[in-house]
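Please open the model in your viewer and keep the sequence panel beside it. The tour below moves from one selection to the next and says what is found at each stop.

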Amino acid sequence: MPHTEVAPQEAGKVRVYTLSLSDDEARAMRDDETAQAAALGVERIDAAYTEVFRVADLDQLGLAGYLRDGNGVNPNQIETDRSKLAALDGWVMIVYSRAFAGQSLQLAPIPALTHIGTYTEGGPDTPVQAMEAEAAQPYTGIPRVSPAEPAKGGGGKTMVIVAVVALILLVIWWLLA
């Protein structure tokens with residue numbers, strides 16, 4: 001099976017795979033992040049951004065409607081693949097760009113996964129640009145603000161002077177009273 005490249009910082013892509021697995025195997029993969037990553041031929045993915053389900057569970061909406069209405073996939077792309085999407089039955093796996101955590105990867109799916117298509121979510125088409133400047137790298141900044149130093153000494157002397165003045169005023173008030 002050909003390898004699929006995931007661009008660094010990829011966003012807004014929805015990959016659809018059909019699963020040639022038994023119901024038990026597909027159910028087990030649904031909740032197993034490690035099995036999903038292994039099926040895609042990568043070490044790790046974030047399973048919060050993948051879905052494994054039976055197409056029949058979509059009922060009247062169908063897979064094309066789910067991609068269009070539920071995921072905001074460009075309707076023109078759906079129309080191109082409508083017959084292919086409508087013909088699918090059994091289990092599918094949907095993988096969103098965020099599942100790869102911005103990493104550049106080569107996907108090498110197992111033979112039981114068949115890539116149906118990669119679709120683009122609606123919204124502005126913004127090209128992905130790698131940030132190569134040193135300042136754009138994490139943790140490269142040097143803090144320029146040093147913490148303020150506390151005032152040294154003088155605090156005790158001030159308290160003594162205030163106490164003596166208060167005592168003198170108290171004595172004067174007592175004498176005048």
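Which residue forms a salt bridge with R15, and how far apart are the closest N and O atoms? Select R15 together with E10: these two residues form the salt bridge, and their closest N and O atoms are 2.8 Å apart. Please keep in mind, here and at every later stop, that this is a predicted model. Both partners are covered, since R15 is buried with a relative accessible area of 3%, and E10 is buried as well, with a relative accessible area of 12%.

**The whole chain**

Now zoom out and colour by secondary structure, which should let you find five helices and six strands in the protein chain. Followed along the sequence, these elements come in the pattern β-β-α-α-β-α-α-β-β-β-α. Of the 177 residues in the protein chain, 28% are buried, and if a surface is switched on, the chain exposes about 12,100 Å², with carbon and sulfur atoms supplying 57% of that area. Among the contacts in the chain with a separation of 6 or more, 80% are accounted for by residues 24 or more positions apart.

**More salt bridges**

The structure holds seven salt bridges, among them the one between R44 and E33, which can be selected next and whose closest N and O atoms are 3.8 Å apart. R44 lies in the loop between α2 (33-40) and β3, while E33 belongs to helix α2, so this pair ties together parts that are 11 residues apart in sequence. R44 is exposed, with a relative accessible area of 55%, whereas E33 is partly exposed, at 34%.

Move on to E79 and R82, whose side chains meet in a salt bridge at 2.7 Å from N to O. Both residues sit in helix α4 (residues 75-86), and because they are three residues apart there, about one helical turn separates them. In an α-helix there are 3.6 residues a turn, so residues three or four places apart point the same way. Each partner is partly exposed, E79 with a relative accessible area of 48% and R82 at 31% relative accessibility.

**Strand β3 and T50**

Next, select T50, which lies in strand β3 (residues 50-54). Is T50 buried or exposed? T50 counts as buried, because its relative accessibility is 9%. Show its side chain, and a polar contact with the side chain of Q36 appears at 2.4 Å, while the T50 side chain also reaches the backbone oxygen of A47 at 3.1 Å. Leaving out residues up to four places away in sequence, T50 touches Q36, I45, I94, V95, Y96 and A99.

**Helix α3 and N71**

Y96 leads on to another stop, since N71 is in contact with Y96 and also with E51, Y66 and E121, when neighbours within four places in sequence are set aside. N71 lies in helix α3 (residues 62-71), and with 13% relative accessibility N71 counts as buried.

**Helix α5**

Finish with helix α5, selecting residues 155-176. How many of its 22 residues are buried? The count is zero, and α5 is hardly covered. If you place a distance between the end C-alpha atoms of α5, you should read 32 Å, which agrees with the 32 Å that its 22 residues should span at 1.5 Å a residue.

Technical notes: Residues are numbered from 1 along each chain as its sequence is written. This is a predicted model: local features need pLDDT of at least 70, side-chain atom pairs count only at pLDDT 80 or more; totals for chains, interfaces and linings use all residues. Side-chain values use heavy atoms; hydrogens and water are left out. Helices (H or I, at least four residues) and strands (E, at least two) are DSSP runs, numbered from the N terminus. Buried means under 20% relative accessible area, exposed over 50%, partly exposed in between (1.4 Å probe, protein chains only). Contact means heavy atoms within 4.5 Å. Accessible areas come from the Shrake-Rupley method with a 1.4 Å probe; for residues, only the protein chains shown count as cover. The expected span of a helix is 1.5 Å times one less than its number of residues. A polar contact is a pair of N or O atoms within 3.5 Å; within protein, one must be able to donate a hydrogen and the other to accept it, and residues adjacent in sequence count only if both atoms are side-chain atoms. A salt bridge is a side-chain nitrogen of Lys or Arg within 4 Å of a carboxyl oxygen of Asp or Glu.
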